[in-house]
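User: I would like to learn how to read the main features of a structure, beginning with a bound ligand. Could we work through one model together?

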Amino acid sequence: MKKEPFSFDLTTPGFIPSHYDNHIQRKLSNMKGQYLNHEAYEAMLSEKDLLLYQVYELERPQIEGELLHGISIVHPGKVGNEFFMTKGHYHTVIDTAEIYYTLKGQGYMVMETPEGDCAVEELKAGSILYVPPRWAHRSVNTSSEENLVMFFAYPGNAGHDYGTIETQGFRKLVVEKDGKPEIVDNPRWALPEVG
Ligand code: PA5
Ligand code: NI
């Protein structure tokens, strides 16, 4: 891992970094139980295990003071009427923030705290989103044809806690209704245990 300053470019049109260490690919089969419509999920999965999103990470030591960063690309599509999205997570070290810069596409960041507060912020090319400490976050692509591409950075020691979201889901869902994205309550959401 580099100790000296470094830079990298984003090659268009794909926005794939000219240098990266990890390439994470998440498929439909990695999202079991995350979409509200289980029948639509199973039907899609039996057709093809589609690639839903990808992350290109630049590896850094997982310590306070470092910044982990990279590019996330969420592909367009829906499961039932729910748009393709990331798994979403709390940071394991919950008092760590994250910053996102949307480079291409459109969507929403769905966020919530262990206390049950929630927020949904629009993502569009050129906008910067600050996710404060304690807010779980999930990105959702609401375009029917374009990728949602974002640059992200967060503290090296943050870690990912996926378990809480896997069990409880997010409080809000982003669905298509009458051809437009709509933010609705998740009927399966349960107030997390405050830790
Ligand atoms: O750390 C982040 O929040 C992002 O880099 C995400 O990891 C990325 O968007 C993929 O989402 P998830 O980790 O929830 O699968
Ligand atoms: Ni994060």
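User: How many nonpolar, polar and charged residues does the shell around ligand 1 have?

Analyst: A sensible start is to sort the surrounding residues by class. In this predicted model, the shell around ligand 1 has 6 nonpolar, 6 polar and 3 charged residues. Of the 15 residues around the ligand, Y53, G88, E98, Y100 and Y162 come nearest.

User: Which side chains have an N or O atom 2.5 Å or 3.3 Å from an oxygen atom of ligand 1?

Analyst: Here one looks for pairs of N or O atoms within 3.5 Å, the cut-off for a polar contact. Three side chains supply such pairs with oxygen atoms of ligand 1: Y53 at 2.5 Å, Y162 at 2.5 Å and R26 at 3.3 Å. As for burial, ligand 1 taken alone exposes 370 Å², and the protein buries 97% of that.

User: What space does ligand 1 take, and which elements give two or more residues to its shell?

Analyst: One next places the ligand within the fold. The space taken by ligand 1 is the largest pocket. Two or more residues of the shell come from each of the strands β4 (51-58), β8 (98-104) and β13 (148-155).

User: Which residues coordinate the nickel ion (ligand 2)?

Analyst: For a metal, one lists the donor atoms and then their spacing in sequence. The nickel ion is coordinated through NE2 of H89, H91 and H137 and through OE of E98, at 2.1 to 2.3 Å. Along the chain these donors follow the spacing H-x1-H-x6-E-x38-H. Since E98 lies in strand β8 and H137 in strand β12 (residues 136-141), the pair ties together parts that are 39 residues apart in sequence. E98 thus appears in two settings, as a donor to nickel and among the residues that come nearest to ligand 1.

User: Which peptide bond is cis, and which residue other than glycine has a positive phi?

Analyst: The general expectation is that most peptide bonds are trans and that most residues other than glycine have a negative phi. In this model, the peptide bond from T12 to P13 is cis, with omega near 5 degrees. P13 belongs to the loop between β1 (10-11) and β2 (16-17). For R134, phi is positive, near 80 degrees. R134 lies in the loop that separates β11 (128-131) from β12.

How values were computed. Residues numbered from 1 in each chain as written. Chains lettered and ligands numbered in written order. Predicted model: local features only at pLDDT ≥ 70, side-chain atom pairs only at ≥ 80, totals over all residues. Heavy atoms only, no water. Near = heavy atom within 4 Å. Polar contact = N/O pair within 3.5 Å; in protein donor to acceptor, adjacent residues only side chain to side chain. Areas by Shrake-Rupley, 256 points an atom, 1.4 Å probe, with all protein chains shown as cover. 1 Å grid on protein atoms, 1.4 Å probe; cavity = no way out; pocket = protein on both sides within 12 Å on 5 of 7 lines; lining within 4 Å. Sits in = over half its atoms within 2 Å of the grid points. Helix = DSSP H or I, 4+ residues; strand = E, 2+ residues; numbered from the N terminus. Nonpolar A, V, L, I, M, F, W, Y, C, P; charged D, E, K, R; others polar. Donors = N, O, S within 2.8 Å, 3.2 Å for Na, K, Ca; no water.
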